[in-house]
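Subject: Structure handover

Hello,

Here is the structure I promised to pass on to you. Please have a look at it first, and then read on for what turned up.

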Amino acid sequence: MTETPFDAETEFDSQLDRLVQLGYPALAGLTESAFRDLVAPLRARAVEGTAGLPDPTDARVPFLLVITRELIGVPERVELTTLAGKRKPGVIDRNYAEDDLPRFDPIKELEVPAGPAYLLFDVDRGEEYRNLAPATAMEGITAQGRLPLSIDEGLAFITLHPAALASNRCFSLVGSRCGDKRVPALWISQGAPKLGWCWYGNPHTWLGSASARPERIGLE
């Protein structure tokens with residue numbers, strides 16, 4: 001049986017439909033129509049940016065429609081994440097102090113587009129960096145001409161492709177830092193996704209470091 005070729009337009013519509021089904025428009029203070037219209041300009045750019053990329057797998061996807069904290073806060077989006085085939089909502093690790101998360105900004109190298117949404121291409125959960133400290137993984141990621149994921153991007157990954165987060169297949173988000181040695185990470189706790197943090201110099205056998213192509217395409 002011949003596999004159906006990857007269709008970026010269909011994938012974009014699928015990602016947008018999922019965000020609508022999860023209640024993103026209401027959280028953003030928008031009607032469904034207004035929310036769809038907001039991100040619609042990115043549809044054609046998704047097609048352009050995925051030319052030549054392979055079909056999505058659990059570990060790697062051609063692109064993500066990233067909703068930023070400018071539109072919806074991190075806690076609200078974490079609560080809407082689940083593991084593949086599960087219903088238990090995601091949580092934020094209690095080791096984040098009150099008002100701590102807003103301090104974790106995307107590192108300047110990411111050149112994240114301003115605005116409520118953008119596209120991220122060729123996203124990989126970074127299994128090859130398991131049992132390597134984020135500091136070491138960062139060296140490998142940049143050597144490949146890639147950049148790490150931010151918190152917004154990691155949440156988009158597991159929201160739109162829940163199978164990306166699996167047992168012993170969790171990942172750090174080295175693209176968000178707050179000026180100390182902590183690195184945000186997504187892992188599994190009690191059957192649900194958890195947004196926690198680890199140390200920049202500490203390895204974990206179950207934790208890789210996610211990355212993507214450098215270019216990020218915003219709304220214009």
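Let me start with one residue, Arg-77. Not counting neighbours within four places in sequence, Arg-77 is in contact (heavy atoms within 4.5 Å) with Tyr-24, Ile-67, Thr-68, Arg-69, Ile-72, Asp-152 and Leu-155. Arg-77 sits in helix H5, residues 74–78. Helices here are DSSP runs of H or I with at least four residues, strands are E runs of at least two, and both are numbered from the N terminus. Arg-77 counts as buried because its relative accessibility is 1%; buried means under 20% relative accessible area, exposed over 50%, and partly exposed in between, with a 1.4 Å probe and protein chains only. From Arg-77 to Gly-145 the C-alpha distance is 29 Å, with their positions 68 residues apart in sequence.

A word on how to read all this. The model is predicted, so local features need pLDDT of at least 70 and side-chain atom pairs count only at pLDDT 80 or more, while totals for chains, interfaces and linings use all residues. Residues are numbered from 1 along each chain as its sequence is written, and side-chain values use heavy atoms, with hydrogens and water left out.

Now the chain as a whole. There are 7 helices and 12 strands in the chain. Its radius of gyration is 16 Å, which agrees with the value near 17 Å for a compact globule of 220 residues; that radius is taken over C-alpha atoms, and the globule rule is 2.2 Å times the number of residues to the power 0.38. The C-alpha trace spans about 45 × 40 × 35 Å along its principal axes. Of contacts between residues at least 6 apart in sequence, 76% join residues at least 24 apart.

What about the surface and the charges? The accessible surface of the chain is about 10,200 Å², and carbon and sulfur atoms account for 50% of that; these areas come from the Shrake-Rupley method with a 1.4 Å probe, and for residues only the protein chains shown count as cover. The chain carries 23 positive and 31 negative side chains, and the centres of the two sets are 7 Å apart. Lys and Arg count as positive and Asp and Glu as negative, leaving out His and the chain ends, and each charge is placed at NZ of Lys, CZ of Arg, CG of Asp or CD of Glu.

On to the interior. Buried residues make up 51% of the 220 in the chain. In soluble globular proteins, nonpolar side chains tend to be buried together. The largest nonpolar core has 60 residues, of which Phe-12, Leu-64, Leu-65, Ile-67, Leu-119 and Leu-195 touch the most other members. Such a core is a set of buried Ala, Val, Leu, Ile, Met, Phe, Trp, Tyr and Cys residues joined through side-chain atoms within 4.5 Å. Leaving aside residues within four places in sequence, the contacts of Leu-65 include Phe-12, Leu-16, Val-39, Leu-119 and Leu-160.

Two backbone angles may catch your eye. Asp-122, in strand E4 (residues 117–124), has a positive phi of about 50° although it is not a glycine. Asp-122 is buried because its relative accessible area is 10%. Asn-131, in the loop between E4 and helix H6 (134–143), also is not a glycine and has a positive phi near 65°. With 43% relative accessibility, Asn-131 counts as partly exposed.

Asp-122 comes up again at Leu-53, which touches Pro-62, Asp-122 and Arg-213, not counting residues up to four places away in sequence. Leu-53 is in the loop between helix H4 (42–49) and strand E1 (60–67), and at 17% relative accessibility it counts as buried. Its C-alpha is 9.3 Å from that of Phe-63, 10 residues away in sequence.

Two more places to look at:

- Met-138 is in helix H6 and is buried at 15% relative accessibility. Beyond its neighbours within four places in sequence, Met-138 contacts Ile-107, Pro-148, Val-174 and Tyr-200.
- Ala-166 is in the loop between helix H7 (151–160) and strand E6 (170–172) and is partly exposed at 25% relative accessibility. Beyond its neighbours within four places in sequence, Ala-166 contacts Arg-125 and Ile-188.

Enjoy looking through it.

Best wishes
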